Amino acid sequence: MARYVLFYKPFQVMSQFSPSEGKATLKDFIDVPEIYPIGRLDWDSEGLMLLSDDGPLQHRLSDPRWGHPRTYWAQVEQIPPDQAIAQLQQGVTIQDYRTRPAQVRLLPEEPTLPPRNPPIRFRKSVPTAWLELTLTEGHNRQVRRMTAAVGHPTLRLVRVAIGSLTLAGLEPGQWRFLTATELASLRAIAQSSQPASAVRGEPTARSPRSRPAKRRGRSRRSPASS
């Protein structure tokens, strides 16, 4: 029977079981054999991870061509104005990629989270704010690059939800198996996820632009088969 695990990844832990030059890894916290991360979190990010030995589900949720909601709390420098929030909602260009539209809002107050060790560097002259972002994609360091693109670098990043799965009941470093209800919700997420090309704002694979076929009299040349 397949196993499904939720894990609260602490700060400065690698999202892998294999050794990593003295850095903490999943093996230091999870003793369930032969399960693998479904998606990753950066070493300097915190929050919810999903692990399983369910190959088809893992492939579906890890494949960047298919989107499913992931919610993050990001502590950023300064107070983002409405214009910056709107840019993040509509999509921003990071490197050569334009992000999909996202749900983004400014949290009215600092969320309740376990303290980070070590804490972020405090600068009295630089205020901070917290954003809640729900994305349907997961490119490398995407949230950090998105907030930097609108002038508000991320100082702390916590993934708080994957679909309806949340951190509730977990402390950093703790894990648990999914309940039957949570598993049903997870499978529903996988079944309802959409291919990237079907979502507005998501680029498709690049290919040479074809030229219109030249007309010869009334007939048209058929495009060459690939």
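This is a short dialogue on how to read some features of a predicted model.

Student: Let's start with the overall make-up. How many helices and strands are there in the chain?

Tutor: The chain has four helices and 15 strands. It holds 226 residues, and 43% of them count as buried.

Student: What share of the contacts join residues at least 24 apart in sequence?

Tutor: If you take the contacts between residues at least 6 apart in sequence, 74% join residues at least 24 apart. As for the outside, the accessible surface comes to about 13800 Å², and carbon and sulfur atoms account for 50% of that area.

Student: How should I read a nonpolar core, and which residues have the most contacts inside the largest one?

Tutor: The general idea is that nonpolar side chains tend to be buried together in soluble globular proteins. Here the largest nonpolar core has 28 residues, and those with the most contacts inside it are Leu-51, Leu-88, Leu-133, Leu-135 and Val-143. Two or more residues each come from strands E1 (4–9), E3 (46–52), E5 (70–77) and E9 (128–135), and from helices H2 (82–90) and H3 (142–149). The largest share, four residues, is given by E9. There is also a second, separate core of 23 residues, which includes Leu-50, Leu-57, Leu-107 and Trp-130.

Student: Could we take Leu-135 as an example? Which residues is Leu-135 in contact with, leaving aside neighbours within four places in sequence?

Tutor: Its partners are His-68, Pro-69, Arg-70, Tyr-72, Ala-102, Gln-142, Val-143 and Met-146. Val-143 appears again here, as another of the residues with the most contacts inside the largest core.

Student: Now a polar residue. Is Thr-154 buried or exposed?

Tutor: The way to decide is by relative accessible area, with buried meaning under 20%. Thr-154 has a value of 14%, so Thr-154 is buried. This residue is found in strand E10 (154–162). Its side chain makes a polar contact of 2.7 Å with the side chain of Thr-147. Apart from residues up to four places away in sequence, Thr-154 touches Ala-74, Gln-75, Val-76, Val-143, Arg-144 and Thr-147.

Student: And where is the place of Asp-42?

Tutor: Asp-42 is in the loop between strand E2 (36–37) and E3. With a relative accessible area of 23%, Asp-42 is partly exposed. Its side chain makes a polar contact with that of Arg-141, at 3.5 Å. Leaving aside neighbours within four places in sequence, Asp-42 is in contact with Lys-9, Val-13, Asn-140, Arg-141 and Arg-144. Asp-42 and Gln-12 are 30 residues apart in sequence, while their C-alpha atoms are 8.3 Å apart in space.

Student: How do I look for empty space, and which residues line the largest cavity?

Tutor: Rolling a probe the size of a water molecule over the atoms shows where empty space is left. In this chain the count comes to one cavity of 30 Å³ or more. The largest cavity has a volume of about 60 Å³. Its lining is made of Ile-38, Gly-39, Leu-50, Leu-61, His-68, Arg-70, Arg-159 and Ile-162.

Student: What about the largest pocket: how much space lies in it, and which residues are closest to its centre?

Tutor: About 460 Å³ of space lies in the largest pocket. It is lined by 22 residues, and the closest to its centre are Arg-40, Tyr-72, Gly-138, His-139 and Asn-140. Helix H1 (55–62), E5, H3 and E10 each supply at least two residues of the lining.

Technical notes:
Residues are numbered from 1 along each chain as its sequence is written. This is a predicted model: local features need pLDDT of at least 70, side-chain atom pairs count only at pLDDT 80 or more; totals for chains, interfaces and linings use all residues. Side-chain values use heavy atoms; hydrogens and water are left out. A nonpolar core is a set of buried Ala, Val, Leu, Ile, Met, Phe, Trp, Tyr and Cys residues joined through side-chain atoms within 4.5 Å. Buried means under 20% relative accessible area, exposed over 50%, partly exposed in between (1.4 Å probe, protein chains only). Contact means heavy atoms within 4.5 Å. A polar contact is a pair of N or O atoms within 3.5 Å; within protein, one must be able to donate a hydrogen and the other to accept it, and residues adjacent in sequence count only if both atoms are side-chain atoms. Accessible areas come from the Shrake-Rupley method with a 1.4 Å probe; for residues, only the protein chains shown count as cover. On a 1 Å grid over the protein atoms alone, a cavity is a set of points where a 1.4 Å probe fits but cannot get out, and a pocket is an open set with protein on both sides within 12 Å along at least five of seven lines; lining residues have an atom within 4 Å of a point. Grid points are joined across faces, edges and corners, and a volume is the space filled by probe spheres set on the points.
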